[in-house]
Amino acid sequence: MKPGMDGYESLKLKQLFAFFIPLGFSASLVTISHVIINSTLARSANPEFVISTYAIALSLLGIFERPGVVLRQTCSLLVKDRLSFRAMSEVSFYVVSCSVGLGFIVAYTPLGEWIFTHIAGVQTDHLAAVIHNFQIIIFVSIFSAIRCHYHGIIITNMRTKWLTIGMLIRLAAMYLLSLYYIQTDQVTSGMVGVIIFLTGMIIECIVSVTEGHSLVRKLPLKKEDHPVERKGQVFQFFRPLLFSSFIAVVIGPAINTMLGKTNDIELAIASFAIAASLMQLVTSFFSYMHQIILQFYRRNPGVVHRFLLQMGFIPCFLTGVLCYTSLGPWFMERVMGVNENLMMASLHSLRVFMLFTLIYPWLDSCNGILMLRGQNRFMIWTQGVNAGVTLLILILCISLTPGWNGMIGALAQSLGLVCEMGFVLYILKATAKSTPLSNMEVS
């Protein structure tokens, strides 16, 4: 492309949509996979117990999976040639080895039982099922990290359709496996959800590695003016994202732990899990807004701003449709197979999540600007604000209104996000003059 008269490259909205829509669909399909699992588990004889034991294991998995997920953003911004890919691969290997090793210690040693009981707050009658689920679901983190590593290559080469293709194949396999368990009346524990999830992740990983590896072979050995050559440079960018992600993943287990102190424990955890899966179904399509910033903001910020204004309010609108029309109850009852009591509790929690869906796209975009400026270190503090406010709201609500059940988790998570957004905006404004975007380079 030739630079335009205004100093920016000629860039049209349709190019952003062509890049973003496949990313959005792939992310939405991820949440559909969780809807498939929850819908399957909801058909068990004791859905509240089964879903809650699966949800607790899944939330704890996030602690060990999250470092691998952060590889996606790092790789998409830093890898431009085979030399930087080699450095990135070394970092990825260390990250996966450490996170999975720690996960196995928790899953297969007595330390895990102590953590589940005293830190995660798992009830005695849930403990055996949760540990059993976690011992298998921890393997998901291996394949998740590998696919995210190659996702970065696919994104930076504008081949985002392959993320959608991989997810479609994954969903098809998960749905068929779900039908098998339902038809054979084998939905008796959360392990069914674990097996469905692991199978889908393995399949998506294979697709991502196949396409990503073919793109790596086409990269130049060394791209001119690209400074990233050593793993130390990659880790310098990755480390703040890693620390902030560890803070972020504490939120899920903390919510489930505190919901264990509500008036109706199983209903609270299960209704929050159902509402959160629907909220994620809506917001997931917009979870790659930061990639729009990373890939296009330097080229033409004006076009990016117009794109954000057109897309940013859609999640809140869609959540409102689910909450205040018959579509939401119909979807929960007919598609997810949720009983009426659990459906009403989930619907109440989803209404609280409307605040979350209003803020989320804009926060993700602002985080993209922080990454593009090389200000990742501030994300540790912004995530810390989120986690701190979330925990505070959880404690207050459990003390004052334990009968709110799943709504407590939704309110705490939403207000935590609002405070994080406020802090991010403050940082962006305070540092705008000292770190002009156009002068920033990856170091």
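**Exercise 1. Which residues of helix 5 are buried?**

Solution. The structure is a predicted model, in which local features need pLDDT of at least 70, side-chain atom pairs count only at pLDDT 80 or more, and totals for chains, interfaces and linings use all residues. Residues are numbered from 1 along each chain as its sequence is written, and side-chain values use heavy atoms, with hydrogens and water left out.

Step 1: take the helices as DSSP runs (H or I, at least four residues), numbered from the N terminus. Step 2: apply the accessibility classes, where buried means under 20% relative accessible area, exposed over 50%, and partly exposed in between (1.4 Å probe, protein chains only). Step 3: read off the buried residues of helix 5, which are His-126, Leu-127, Val-130, Ile-131, Asn-133, Phe-134 and Ile-137. Step 4: ask what covers these buried residues, taking contact as heavy atoms within 4.5 Å; the cover includes helix 2 (47-78), helix 3 (82-108), helix 4 (110-119), helix 6 (140-156), helix 8 (191-216) and helix 11 (265-283).

**Exercise 2. Compare the span of helix 5 with its expected value.**

Solution. The expected span of a helix is 1.5 Å times one less than its number of residues. Helix 5 covers residues 124-137, and its 14 residues should therefore span 20 Å. The C-alpha atoms at its ends are 20 Å apart, which agrees with that expectation.

**Exercise 3. Find the salt bridge of Lys-231 and describe its setting.**

Solution. A salt bridge is a side-chain nitrogen of Lys or Arg within 4 Å of a carboxyl oxygen of Asp or Glu, and the structure holds 4 of them. In one, the side chain of Lys-231 meets that of Glu-90 at 3.6 Å, N to O. Lys-231 lies in helix 9 (residues 231-249) and Glu-90 in helix 3, so the pair ties together parts that are 141 residues apart in sequence. Lys-231 is partly exposed at 37% relative accessibility, and Glu-90 is also partly exposed, at 32%.

**Exercise 4. Which residues are joined with Glu-204 into one network by salt bridges that share partners?**

Solution. Step 1: Arg-147 pairs with Glu-204 at 3.1 Å, N to O; Arg-147 lies in helix 6 and Glu-204 in helix 8, so this pair links parts 57 residues apart in sequence. Step 2: Glu-204 also pairs with Arg-170 at 2.6 Å, N to O; because Arg-170 lies in helix 7 (residues 161-183) and Glu-204 in helix 8, this pair ties together parts that are 34 residues apart in sequence. Step 3: check burial, where Arg-147 is buried, Glu-204 is buried at 2% relative accessibility, and Arg-170 is buried at 0%. Step 4: the shared partners join Arg-147, Arg-170 and Glu-204 into one network.

Technical notes:
Helices (H or I, at least four residues) and strands (E, at least two) are DSSP runs, numbered from the N terminus.
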